[in-house]
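Q: Hi! Could you walk me through this one while we both have it open?

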Amino acid sequence: MLFEQKIGNPAGAAVARKISIGRVKLDGTVLLAPMSGITDVVMRRLAGRLGAAAAVSEMIASPELTRSGEEARLRLEGEGVSPHIVQIAGRDPQCMAQAARIAADSGAAVIDINMGCPAKRVARQLCGSALMREPELAEHIVAAVIASVDLPVTVKMRLGYEAGSLDAPLLARRCEAVGASLISVHGRTRAQFYEGKADWAAVGAVKAAISIPLIVNGDICSPEEAKRALRLSGADGVMVGRAALGRPWLLGEIADALTAEARRQPSTAERCDIAIEHYRGQLALYGVALGLRHARKHLQAYAANAVARSPDTRASALAASLVRSEQPTEVERLLREIFDLADGNAQVDLAEAA
Ligand SMILES: Cc1cc2nc3c(=O)[nH]c(=O)nc-3n(C[C@H](O)[C@H](O)[C@H](O)COP(=O)(O)O)c2cc1C
């Protein structure tokens with residue numbers, strides 16, 4: 001594909017170190033964050049092709065995985081994704097260990113443990129970020145998972161449960177002591193949910209506590225923010241979540257800004273092809289009825305990004321029809337029209353710049 005073409009070292013680019021997750025070597029330092037309902041295999045495949053060094057699966061509840069539920073099966077899908085990183089959630093060490101074995105048997109290359117999810121339904125079951133309040137149990141879970149699989153195991157957490165208990169450095173050190181291979185930290189507390197700004201400097205306290213690689217996460221939406229997050233935290237890589245929705249090429253843009261190489265970024269027409277590929281991939285993965293539901297937030301985000309490039313009011317009207325449409329052929333036609341309007345605008349911009 002044209003947009004994967006490397007075009008050399010842009011002047012002044014910072015050369016970032018590469019990261020290894022245990023024996024798994026990553027080709028870069030920019031990761032796609034796990035996002036439930038978003039980072040299915042279609043999104044992870046695209047992210048990898050467009051420049052992410054790795055992409056983490058949606059979390060899979062360990063009891064659901066051990067019951068082999070249909071939703072768990074879909075979330076576990078990793079065809080065409082390398083390395084295939086599967087995130088599991090739960091609080092029972094034996095169940096987590098069993099879930100990790102199932103993920104390993106289905107082809108996972110790395111197991112990630114969720115200790116950062118703030119969602120009420122997860123925290124009510126004392127999983128996700130709630131584990132940050134039970135460091136002994138958290139350590140026990142990590143040790144049990146590591147003992148159950150011959151794969152690197154990583155942990156994703158927040159700064160702490162709340163402002164008075166920024167326990168990430170201590171917890172990260174405990175995870176490292178029992179054999180974790182990498183830690184990623186979202187620079188907010190659980191109590192913050194998504195309020196305020198991620199505190200990248202506070203993530204730096206974790207860097208000082210561990211010697212395994214650290215990934216900084218939260219509010220990284222541009223190459224400049226990635227550089228700043230790395231500088232303030234001292235982390236080895238960045239993890240990008242919401243900003244990649246409807247813009248998976250952002251991962252490659254950030255990767256290029258951090259390395260000595262540059263990929264030619266996709267043109268507007270190629271972005272439209274990516275959006276259509278994403279849409280078709282989801283219909284194929286879930287079937288049309290469920291696929292339409294899963295695709296809606298992606299379509300909305302692709303359209304919003306394209307519309308932001310076009311002052312033409314027709315683009316907003318088309319975007320509204322796009323997210324309502326249940327006809328795949330109509331969706332693709334609307335996407336092309338929206339991106340065409342954005343492209344017209346980009347050409348005007350170029351003409352003005354000339
Ligand atoms: C819709 C959504 C779903 C998420 N699901 C997960 C998840 O399954 N596992 C997890 O560890 N974090 C999950 N997160 C948190 C993200 O991985 C990330 O830590 C957070 O969004 C902050 O990064 P960002 O500002 O780059 O989005 C989710 C976030 C969002 C917005």
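**Barrel, ligand shell and domains**

Q: Where should I look for the partner of Arg 158 in β8?
A: Arg 158 stands opposite His 186 in β8. Strands here are DSSP E runs of at least two residues, and helices are H or I runs of at least four, numbered from the N terminus. One caution: this is a predicted model, where local features need pLDDT of at least 70 and side-chain atom pairs count only at pLDDT 80 or more, while totals for chains, interfaces and linings use all residues. Residues are numbered from 1 along each chain as its sequence is written.

Q: And how many bridges join β7 and β8?
A: They pair in the parallel sense over 6 bridges, with β8 covering residues 182-189. Two strands pair if DSSP finds at least two bridges between them.

Q: What do the strands from β3 to β10 build?
A: A closed barrel of 8 strands with parallel pairing, in the order β3-β4-β5-β6-β7-β8-β9-β10. From one strand to the next, the twist averages 30°.

Q: Which strands does α7 lie across?
A: β7 and β8, and α7 runs at about 165° to β7. Axes are lines fitted to C-alpha atoms, for helices over the stretch in contact, and angles run from 0 to 180 degrees between N-to-C directions. Contact means C-beta atoms, placed from the backbone, within 7 Å.

Q: What about Gly 164, buried or exposed?
A: Gly 164 counts as exposed because it has 8 C-beta neighbours inside 10 Å. The cut-offs within 10 Å are 20 or more other C-beta atoms for buried, 12 or fewer for exposed, and partly exposed in between, with C-beta atoms placed from the backbone. Gly 164 sits in the loop between β7 (153-160) and α7 (168-177).

Q: Switching to the ligand: how many residues surround it?
A: There are 22, and the closest are Ala 33, Ser 36, Met 59, Gly 241 and Arg 242. Near means a C-beta atom, placed from the backbone, within 6 Å. That shell divides into 9 nonpolar, 9 polar and 4 charged residues. Ala, Val, Leu, Ile, Met, Phe, Trp, Tyr, Cys and Pro count as nonpolar, Asp, Glu, Lys and Arg as charged, and the others, Gly among them, as polar.

Q: Last topic: how is the chain divided?
A: Into domain 1 (2-258) and domain 2 (268-353), with bounds from an automatic or database domain assignment. In all, 12 residues of domain 1 are in contact with 12 of domain 2.

Q: Which element gives the largest share of domain 1's side?
A: That is α1, with 3 residues.

Note on methods
Two residues are in contact if their C-beta atoms, placed from the backbone, lie within 7 Å.
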